[in-house]
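Subject: Handover of a structure and notes on it

Dear colleague,

I am passing on the structure below, together with notes on what was found in it. Please read the notes with the structure open beside you.

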Amino acid sequence: MLILLIGAKGGVGTSTLAKHLVQALDGGVGLDLADGQLAALLDRRTWSLAGLALTTPTERQRSVDRIVKQCISLLWTPECNMVGNGVWDAVRAVADRTTVVADGGIEPLPAVGELAHVVAIVSADDPVAQYHEQQLQERFPQAGVVTLDLARSRNETRDAARTLAQQIQ
C-alpha cells in the first residue's frame with residue numbers, strides 16, 4: 001500500500017506527520033519525494049530510488065527484501081528523472097510488500113498520485129494553506145484533509161498520525 005501525504009504549503013507538518021505515520025505503521029517504509037526532511041527525521045538507513053531502479057530484476061528483488069525487512073527509507077534524487085519508469089516499478093515492488101508512506105512535498109510528482117492507495121492533504125488553519133488545499137483537492141478529489149495546528153500542540157501531529165494509521169488498517 002502507498003500512502004501519499006501532500007502539504008498545502010511549506011511548514012504545515014507534512015514531513016513530521018509522515019514520520020509519525022511510518023512509526024505508527026510498524027514496519028512501514030518512508031519515501032521522501034520532497035526535500036530529504038522525512039529521511040532525516042526517520043533517522044534510518046536511506047537508499048536512493050535511482051540506485052534501486054537501475055538494478056537488475058534479481059538484484060531489485062533482493063533489495064526490496066532488505067528494504068522491507070530493515071525498514072530502509074527511500075529518497076527521490078534528481079537522478080530519478082533520468083531513470084524513467086524503473087523508479088515507479090521499484091516503489092510499486094516495495095508497496096506490494098509493505099506500507100509505504102510518501103512525503104510528496106507541496107507539488108507531488110504525477111506518477112506517485114496514480115500509484116497511491118490513500119492520499120491526504122496536510123493543511124493549516126490559514127488562508128494561504130486553505131487556498132492551496134482547495135487547489136490540491138481539485139487535483140486529488142479522493143484526498144482526505146488533515147488540518148494541523150503545530151503551534152497549539154506538539155503531540156497533535158503524532159495523534160493525527162495514529163488516527164490516520166487506524167483508519168487505514
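Two strands are said to pair if DSSP finds at least two bridges between them, and the notes on the strands rest on that rule. Please also keep in mind that this is a predicted model.

Strand β1, which covers residues 2-7, is a good place to begin. Five bridges join β1 to strand β6 (residues 118-123), and these two strands run parallel; within this pairing, G7 of β1 has V122 as its bridge partner in β6. Strand β1 also pairs with β5, again in the parallel sense, over four bridges, and there L5 stands opposite D103. As for its surroundings, six of the six residues of β1 are buried, so the strand is largely enclosed by the rest of the structure. The side chains alternate in direction, with L2, L4 and I6 pointing one way from β1 and I3, L5 and G7 pointing the other way, and all of them are buried.

Strand β2 (residues 29-32) is likewise covered on both faces, with V29 and L31 buried on one side and G30 and D32 buried on the other. Its pairing with strand β5 (residues 100-103) is parallel and is made by four bridges, while its pairing with β4, also parallel, is made by two. Residue L31 takes part in both of these contacts, since its bridge partner in β5 is A102 and its bridge partner in β4 is L74.

Helix α1 comes next. Eight of the 11 residues of α1 are buried, so the helix is largely enclosed by the rest of the structure; the buried ones are T14, S15, L17, A18, K19, H20, L21 and V22.

The same helix leads on to the largest pocket, whose volume is about 170 Å³. Which residues are closest to the centre of this pocket? Of the 15 residues that line it, they are G11, V12, G13, T14 and S15. Helix α1 (residues 14-24) gives the most to the lining, contributing three residues. By type, the lining residues divide into four nonpolar, eight polar and three charged.

Turning to the aromatic rings, the count comes to one aromatic pair. That pair is formed by W76 and W88, and it is stacked, with 5.5 Å from centre to centre and 25° between the planes. The pair links distant parts of the chain, because W76 lies in the loop between β4 (73-75) and α5 (80-83), whereas W88 belongs to helix α6 (residues 85-95), 12 residues apart. As to whether these two residues are buried or exposed, W76 has a relative accessibility of 16% and so counts as buried, and W88, at 9%, counts as buried as well.Finally, there are the cysteines. How many disulfides does the structure hold? The number is zero. A disulfide is a covalent bond between the sulfur atoms of two cysteines. With regard to burial, C71 has a relative accessible area of 16% and is buried, and C80, at 2% relative accessibility, also counts as buried.

With kind regards

Methods: Residues are numbered from 1 along each chain as its sequence is written. This is a predicted model: local features need pLDDT of at least 70, side-chain atom pairs count only at pLDDT 80 or more; totals for chains, interfaces and linings use all residues. Side-chain values use heavy atoms; hydrogens and water are left out. On a 1 Å grid over the protein atoms alone, a cavity is a set of points where a 1.4 Å probe fits but cannot get out, and a pocket is an open set with protein on both sides within 12 Å along at least five of seven lines; lining residues have an atom within 4 Å of a point. Grid points are joined across faces, edges and corners, and a volume is the space filled by probe spheres set on the points. Ala, Val, Leu, Ile, Met, Phe, Trp, Tyr, Cys and Pro count as nonpolar, Asp, Glu, Lys and Arg as charged, and the others, Gly among them, as polar. Rings of Phe, Tyr and Trp (its six-membered ring) pair if their centres lie within 6.5 Å; planes under 30 degrees apart count as stacked, over 60 as edge-to-face and the rest as tilted. Buried means under 20% relative accessible area, exposed over 50%, partly exposed in between (1.4 Å probe, protein chains only). A disulfide is a pair of cysteine sulfur atoms within 2.5 Å.
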